[in-house]
Amino acid sequence: MELVRLLESVVLELGQEVPSLYGKAQAQFAFMLLETVAAELDEAVHCLYHDIQELRGLLAQVQEAIARIPQDHPRIASLQQRLEEALNEEIGHDLHLHRLEGLHRRLMGALEVFLCLCEEVMGDPRYEPLMPLRAAAYAHLRRVAVRGWTFWDALSFRERILKEREALAHKP
Amino acid sequence: MLEEELARYLAHRLPSARQVTVSNVFRIPGGASRETWSFDARWWEGDREVSQGFILRRDPPASLLTTERDIEFQVMNAAHLAGIPVPRMRWLEPEGKWLQRPFFIMERIDGCETSPQLLISDPRFEGARPRVARRFVEVLAAIHSLDWKALGLESFLGPAPSPDQCALQEIEKWGQVIDRDALEPQPVLRAALCWLRRHLPPPAQRITLVHADYRVGNFLYDQEGEIRGVLDWEMAHLGDPIEDVAWACLQSWCWAGDERMGGIMGRDEFLHMYEEATGIRVDPQALHFWELLGNVKLAAIFLTGARSLAEGKTREPILAMVARGNPRLELEIMRLMGV
């Protein structure tokens, strides 16, 4: 973290010395990126760990639910395969970021197929068992998306993001 | 170096010119899809000294969009000739022999701003805002009224889609970009594409030229509130004009941080003025569809930038920065999907 802060101050200093408008803009972008890294770095492992646990719980329920729906939709086989691959891997004690990211990516891949299936069968009563899980999946994605905002809050979306955060804070 | 190269190029392009000199070359920030440079040129023609400001748009090593520069050049040229406020296009160079990479040059329009922040918050532009808002609608209406057949736009934009194919064509286009450029799973974007396929809008009421990036921030305006040049035509195509209307309304361009379209006028007022100016009804279902697809498209553009950066094709920090913006787009997409 200290290193990121050091880089930020270097970029700020350089930005002041650069004469061109383009150079100043580049320094500003670089500073904003570093500010994002600084904001996210400290919680990266914690967030990924938490997201993985939540996704594993959700997708385990999806795995159970798809046993209760018709098996003839073309996405079902792919979903089952992805669920097996993603859920077979335990979170374990290795908390290196690249490992957690890999695990998270496989879970998100399964979630992607699941949500596409949900959108394609929406309104078909035979797939009704999936719908509460669809809602839970979007709720998870909303929580993650709200967290992902950092410098954008300061640019142009203050009011809406405050509303979103307030709404989420009041949800059980 | 660039000064000399530009001077050599202009001398080549202006055979009757003597003593061509180029000065004040500087790169303009922004422009994530192409490098944008400003420069001044002077030369003698007979006994007359000529001076002209130019804008150079040069292909970068990588960019947000993999569009054809000649389409942008030709459509801007056609729009300029048809009376739309667009900079006068001068030269298109598809080869890299002059400036290392392909480029085009247009005349610079001086005394203008593009910044949305200046427009909505600088006291100098307070009096200009209502006029900019009115002209924003009038210029869009003029673009949508162009006789694209008479202008021969199909010869470089490709054949026009049928009215019931406009939406599907755009879904497929941006779905392919996501397939090509996503570095990781994209559950929200892919689910949104499935949602869009099941919620197609009514057929387009008419086929028009679609600018496809028409928004506050993409035009030059002056202190009198006149729009002097519409910029960034690289995604232009023939299609449903509601696509442009919805794009202008995207939350990403609500620069004032509230619901106002582009930060300059109420959304309902904008839609009403547009309907009055064009005779095209803004169907709420169509607007909703195109607004959702607009957010997916913007996210797809950001994914292209992120891939370029990840693959080392570019070191532009703006591409890294915009890639960080996708969570807010996902949030907006889910809101529009009603989930």
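This tour visits a helix crossing, a pocket and a cavity in a predicted model.

**First stop: two helices of chain B**

Select residues 129-145 of chain B, which form helix α4, together with residues 267-278 of chain B, which form helix α9. The axes of these two helices come within 9 Å and cross at roughly 40°. An angle that is neither under 35 degrees, nor over 145, nor from 65 to 115 counts as oblique, and α4(B) and α9(B) are therefore oblique to each other. Their crossing is right-handed.

Next, display the side chains where the two helices meet. From α4(B), the contact involves Arg134(B), Phe136(B), Val137(B), Leu140(B), Ala141(B) and His144(B). From α9(B), the residues to show are Phe270(B), Met273(B), Tyr274(B), Ala277(B) and Thr278(B). Colouring this contact by class gives eight nonpolar, two polar and one charged residues.

**Second stop: the second largest pocket**

Now select Glu40(A), Glu101(A), Glu184(B), Arg324(B) and Pro327(B). Of the 41 residues that line the second largest pocket, these lie nearest its centre. The pocket holds about 1,500 Å³ of space.

To see the elements around it, select in chain A the helices α2 (21-41), α3 (44-66), α5 (97-121) and α6 (131-147), each of which gives two or more residues to the lining. In chain B, the elements that do so are α7 (187-198), α10, α11 (317-323) and α12 (326-337). Which element gives the most to this lining? It is α2(A), with six residues. By class, the lining of this pocket comprises 24 nonpolar, seven polar and ten charged residues.

**Third stop: the second largest cavity**

Across the whole structure, a search finds two cavities of 30 Å³ or more. The tour turns to the second largest cavity, which contains about 50 Å³ of space.

Select Glu170(B), Trp174(B), Glu243(B), Trp247(B), Trp290(B), Leu293(B), Gly294(B) and Lys297(B), the residues that line this cavity. Three elements of chain B, namely α6 (166-181), α8 (242-248) and α10 (284-310), give two or more residues to the lining. Of the elements here, α10(B) gives the most, with four residues. When coloured by class, the lining shows four nonpolar, one polar and three charged residues.

To finish, keep α10 of chain B selected: this helix contributes to the lining of the second largest cavity, and α10 of chain B also gives two or more residues to the lining of the second largest pocket.

How values were computed:
Residues are numbered from 1 along each chain as its sequence is written. Chains are lettered from A and ligands numbered from 1 in the order in which they are written. This is a predicted model: local features need pLDDT of at least 70, side-chain atom pairs count only at pLDDT 80 or more; totals for chains, interfaces and linings use all residues. Side-chain values use heavy atoms; hydrogens and water are left out. On a 1 Å grid over the protein atoms alone, a cavity is a set of points where a 1.4 Å probe fits but cannot get out, and a pocket is an open set with protein on both sides within 12 Å along at least five of seven lines; lining residues have an atom within 4 Å of a point. Grid points are joined across faces, edges and corners, and a volume is the space filled by probe spheres set on the points. Ala, Val, Leu, Ile, Met, Phe, Trp, Tyr, Cys and Pro count as nonpolar, Asp, Glu, Lys and Arg as charged, and the others, Gly among them, as polar. Axes are lines fitted to C-alpha atoms, for helices over the stretch in contact, and angles run from 0 to 180 degrees between N-to-C directions. A crossing is left-handed if the near helix is turned anticlockwise from the far one by less than a right angle, and right-handed if clockwise. Contact means heavy atoms within 4.5 Å.
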